[in-house]
Each structure stands twice: as C-alpha cells, then as structure tokens.
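Me: I'm new to this one, so pick a single part and take me through it slowly. Please explain the terms as you go.

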Amino acid sequence: MKKTIESLLDQALEKLVADELIETKPELQISRTKDAAHGDFTCNVAMMLAKQAGKPPRDVAQIIIDAMSADKSIVKIEIAGPGFINFFLTQENTLSIIKDILSQGDDFGRSDAAEREKVQIEFVSANPTGPLHVGHGRGAAYGATLASLMRAVGYEVDCEYYVNDAGRQMNILATSIWLRYLQENGIDIPFPSNGYKSEAYIFDIARALKEEHKDTFVQTAESIMQDIPADEPDGGDKETHIDALIDRAKSLLGNDAYRTIFDAALNTIIADIRQDLEEFGVHYEHWYSEQSLSDRDLINAAVKQLQDAGHIYEENGALWFRSTDFGDEKDRVVIRDNGQGTYFASDIAYHLDKFDRGYNRVINIWGADHHGYVPRVKGALTALGKDERKLDVLLVQFANLYRNGERLQMSTRSGSFVTLRQLRKEVGNDAARFFYVMRKCEQHMDFDLDLAKSQSNDNPVYYIQYAHARICSVLAQLAEKQLKHDSENGFQHLSLLTEKHETELISRLDAYADLLHKAAFDAEPHLLVHYLRELANLLHSYYNAHQFIIEDNNLRDARFNLICATKQIINNGLTLLGVSAPIKM
C-alpha cells in the first residue's frame with residue numbers, strides 16, 4: 001500500500017510542477033504512523049515544499065490532496081500538525097496483510113527489489129595465527145546477517161574470507177611452532193619474546209608435527225642460535241631477533257621442510273576458524289588466499305598499472321603510491337627497497353581483482369581501527385580507473401564483555417575467556433548472534449553475559465523466542481481440546497479483529513516488508529532486532545489481555561489467523577538474524 005500512496009503523491013506533484021507551483025519534486029518520505037488515531041501512513045512532503053511553493057505547509061498539503069486521484073483503498077486523507085498528510089486505509093486493505101503473510105509463509109517480505117545485483121561481502125578475514133576472539137564474533141554476526149538481509153531483497157551475494165596466508169606474521173607463527181617442536185624433541189632452546197609463546201594451539205600443532213614427522217625437522221640449538229642478534233630481554237631488539245630466527249629456520253630446513261611446518265600451522269588454524277564460523281552459522285562462498293595474489297603475479301600487475309598511469313614514484317629504492325592525490329594523509333610504500341611488496345600492495349591487487357571478478361558492488365566489513373585505511377584503498381581504486389563509490393567500507397566497533405556488572409579484561413592472563421568459541425559455549429549461538437547485531441555496527445556495544453544467559457523478559461532474544469513458543473503453545477492447546485483452526489473461516493471474519501491490541505499488532509505486521517527493505521538497503525540489521533522486540537511486546541500484551549480459545553468459532557479462527565501470522569513473521573525475522581525460533585521454552 002505504501003507504493004500506491006507514493007504513486008498517488010508523485011502524480012499529484014507532477015500536476016504541481018505542470019502548474020508551475022513548484023519547480024522540482026523532492027524525494028518522498030512515507031512512513032507508518034506511530035498512533036492509529038493519526039491514520040496508517042504519513043508524509044511530510046508539504047513541509048519540504050513550503051519554501052519552494054511560497055505558501056504555509058498546511059496550505060501546500062491541501063493543494064497536494066486536491067491534486068491526488070481517488071483510491072478505493074484510502075478511506076480518508078487529513079492534514080495534521082504543521083502540515084503532515086495522513087492516510088487512513090480501509091479495514092479490508094489493512095486486514096489483507098494477515099492473508100498475505102499466511103499464504104506466502106517463509107517468503108513473506110522477500111522481494112527482487114535489488115534486481116539480482118551482484119555483491120561481494122568480505123568480513124572477519126582474521127589472520128590465521130590463532131582462534132577467533134570475541135571482537136571477530138561481532139563482525140561475523142554482522143556480516144552474515146547483512147548477507148541474509150540483502151539476499152532477501154534480491155541481491156546476489158557472495159561472502160568471502162580473505163586468508164592472510166602470506167607475510168611476516170605467518171612466518172613468526174611457523175617459526176614459533178618449529179621452536180616448540182624442537183622443545184618437544186628435547187632440544188633446549190630459548191623461545192623468542194616476540195613469538196607465539198603460551199597459546200595451547202601452538203603446542204598442539206608442534207606435538208602433531210612430532211607425531212607425524214618424528215625428528216625429521218630437528219636441528220641443534222647451536223646451529224640455530226649462532227650469531228642470532230640478542231632478544232629484547234637481553235638488551236637487543238625483539239623484531240630483529242625474530243626476523244633473524246625466521247631466516248635461520250628457512251635456511252636450515254630448506255624450502256620443502258619449512259613449507260611443511262608453515263602449512264601445518266596454516267591449515268590447522270584455518271580449519272579451526274572455519275569450524276568455529278560454521279558452528280556459528282556463518283558460511284562463505286569463497287576463501288581467498290593472499291598468497292594467490294603473488295602466485296598469479298597480480299600484485300606486480302596492479303603496481304605496473306599504477307605506474308603506467310603516473311601514480312607511482314621511486315624514492316630511496318622503494319616505490320610509493322601518491323595516495324595524497326586521493327585524500328590520504330601521506331603517500332604509501334607499495335614496493336619496499338628490498339623488492340618485497342607491502343600489505344597495502346596486496347590490498348590494492350586484491351580489491352582490483354574483486355571488481356575484475358564482476359561484482360557490481362563490494363562491501364568490506366572491517367574493525368573500527370581500520371578507519372584510516374579507507375581513503376588509501378579507495379584512492380588506489382580511483383587511480384586504477386574503478387568507481388570507488390562501488391566500494392562500501394562498514395566499520396565495526398569492538399564488543400566489551402561484562403559479567404556481574406564489571407567489564408572483563410580481554411586478556412588470556414586474566415583468566416577470562418576471549419575466544420568466540422568460549423563465548424558461544426557460555427551464552428549459546430542464539431544469544432551471541434542476536435546481541436552482536438543489536439546496535440549499529442559503528443556503535444560501541446556492551447555485551448552483558450548475565451543478561452544473555454537469563455530467561456527473563458529483560459533478555460531481548462529470550463523475550464522474542466518466548467513469543468514464538470507461546471503461540472506454538474496456544475496452537476498445541478487447541479489440539480488438546482480437540483478443536484481445529486479453520487483458517488478460511490478466519491479470513492472471512494477478520495473484520496471481528498477490532499480490539500486495540502489486535503489493530504496495533506496488525507499494523508506492525510504490515511510494517512515488516514518495508515522494515516526488511518530498509519534494513520537491507522541501509523545495511524542496518526539492528527532495525528530488524530528492534531522490530532522483532534516491538535512485535536514480541538505486542539504479542540505478549542495481546543496474550544495477557546485476551547483469550548484465544550473461545551466458544552465463538554468465527555472470532556477464534558480470526559484470532560488464530562492473527563497469531564499464526566505473527567508467529568510466521570517472528571520466525572522469518574529470527575531466521576534472517578541466524579537465530580532459532582523454538583516451539584517450546
């Protein structure tokens with residue numbers, strides 16, 4: 001019905017333009033009223049046009065109404081307040097939403113509005129140097145939910161995890177595991193202060209290497225430590241120390257043996273990350289290897305393309321991208337003086353390849369600490385001839401955990417859990433997925449562990465799931481009383497649904513499709529969370545105020561149609577959030 005009102009208003013505004021009362025039409029903003037006394041829909045277009053028309057808003061509103069064509073679905077149009085135009089719909093039109101929901105079922109609210117536009121969403125993409133932590137969990141929940149919402153409105157979405165399987169951190173990881181492997185084999189060797197020291201998974205991978213390869217990779221402590229620069233505790237530089245150990249590991253082991261250790265680390269941790277995400281209901285169409293950029297020579301090709309376009313210069317043996325020409329605070333190195341590409345060079349090649357793979361739109365979900373990285377990536381795309389507006393970077397703030405009203409320190413030393421898996425084990429997948437998307441992604445969020453585990457009305461996910469289970473319980477009670485719900489009879493008597501609780505509930509059901517559209521196109525899953533909380537509240541209020549299993553067959557069937565439609569919408573919404581809709585609680 002919103003589209004019908006929009007069409008009627010647009011036609012009226014065309015007449016105002018033709019009559020030269022206004023020069024241009026503004027973008028229409030039609031929304032549902034918060035109070036049924038003010039009608040079903042309202043529009044502020046008269047106030048937007050008052051200055052252009054040179055008339056008071058209420059006068060403009062009347063001119064617009066007079067120019068509108070009649071529509072049998074609209075009972076009344078009135079002017080309210082400073083110039084709002086309120087639309088009152090026929091009861092038949094309002095009640096039709098119940099039949100639409102029940103007939104369309106799981107598909108209700110879905111559309112082809114995005115016309116199959118091809119979109120890629122890249123999210124999480126944590127370095128494969130350890131398990132996912134609670135910060136990654138928020139990006140995972142947000143990315144997966146956004147993908148579901150966008151698919152629901154007609155986007156063709158691919159989710160991608162960028163595997164950082166190249167570079168220094170992975171070499172530090174591989175060398176750390178090798179040193180632990182040596183210790184497992186009885187070699188007394190000091191462990192670097194900048195290595196992956198106490199993490200249990202490091203020892204697990206080292207023991208697995210020993211079990212499979214015995215002492216194949218063993219070297220003496222003397223051959224390893226000879227002429228290695230001092231570590232930080234001994235007065236040296238920890239970065240220089242670990243880099244020297246990496247070089248020594250590669251030289252002593254040789255390429256094949258070193259690669260065996262490197263791959264054992266990479267494959268074990270990636271498998272753990274993949275399992276963790278899949279158990280969290282997060283799935284990817286692609287796992288994209290950073291190393292593949294070098295293997296396919298895409299980094300050099302991207303840098304050469306920038307050189308040919310005049311955006312690269314050489315200084316002190318390194319190649320620099322003129323990112324200041326594109327709004328960045330300073331120019332950036334893409335090729336170091338030793339000939340090695342930087343992380344930024346890899347990112348340029350990776351983003352270029354995203355568009356070369358045919359995506360119309362690319363969405364990156366990054367941690368908020370990456371905000372300074374955005375202008376240089378967009379600048380590089382512009383320099384490469386791509387439309388930077390097709391890249392959306394959505395920044396996700398960290399999640400703070402609270403227990404007993406106190407914020408937990410995100411540290412393994414504190415004894416508090418820090419991994420996503422530990423969080424899921426404590427509060428469950430449903431609460432984790434739900435709480436992570438309760439707020440806008442750019443807002444800080446406080447994750448109350450006690451609240452997430454509580455079975456109370458204060459726990460929003462429990463409150464919504466309980467509304468669904470409550471309806472299921474009423475349906476079960478009907479069967480226990482050997483009564484049947486005749487939905488066709490209910491459709492014929494929907495006009496009996498005149499109680500305030502009923503009209504409010506119907507109005508919120510009718511808002512679902514528009515809400516879903518807005519949440520998807522604005523990348524704001526929290527809108528769906530808030531909607532479901534409101535819907536659950538209306539259902540619980542209705543349940544507490546009225547009986548459903550009554551002697552009046554006509555009213556009973558109509559009410560069961562209404563609560564069944566409510567159950568369907570709660571199920572549809574929770575499914576998009578990656579949360580279950582239980583039938584018993």
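Reply: Let's start with helix 14, whose buried residues pack against helix 5 (134-152), helix 9 (238-279), strand 13 (399-403), helix 15 (429-436), strand 15 (445-448) and helix 16 (449-453). This is a predicted model, where local features need pLDDT of at least 70 and side-chain atom pairs count only at pLDDT 80 or more, while totals for chains, interfaces and linings use all residues. Residues are numbered from 1 along each chain as its sequence is written, and side-chain values use heavy atoms, with hydrogens and water left out.

Some vocabulary: helices (H or I, at least four residues) and strands (E, at least two) are DSSP runs, numbered from the N terminus. Contact means heavy atoms within 4.5 Å. Buried means under 20% relative accessible area, exposed over 50%, and partly exposed in between (1.4 Å probe, protein chains only).

Now for the residues themselves. Helix 14 covers residues 420-427, and its buried ones are Leu 420, Leu 423, Arg 424 and Val 427. Looking down the axis of helix 14, you'd find these buried residues within an arc of 100 degrees, so they line one face of the helix. That arc is taken from the directions that run from the helix axis to the C-beta atoms. Just past helix 14 comes Gly 428, with a positive phi of about 95 degrees.

For some contrast, here's a sheet elsewhere in the chain. Strands 8, 9 and 10 form an open sheet in the order 8-9-10, with antiparallel pairing; two strands pair if DSSP finds at least two bridges between them. Strand 8 (312-315) and strand 10 (332-335) sit at the edges with a single partner strand each, so one side of each has no neighbour in the sheet. Strand 9 (residues 318-321) pairs with strand 10 over three bridges, and Phe 321 stands opposite Arg 332 in strand 10.
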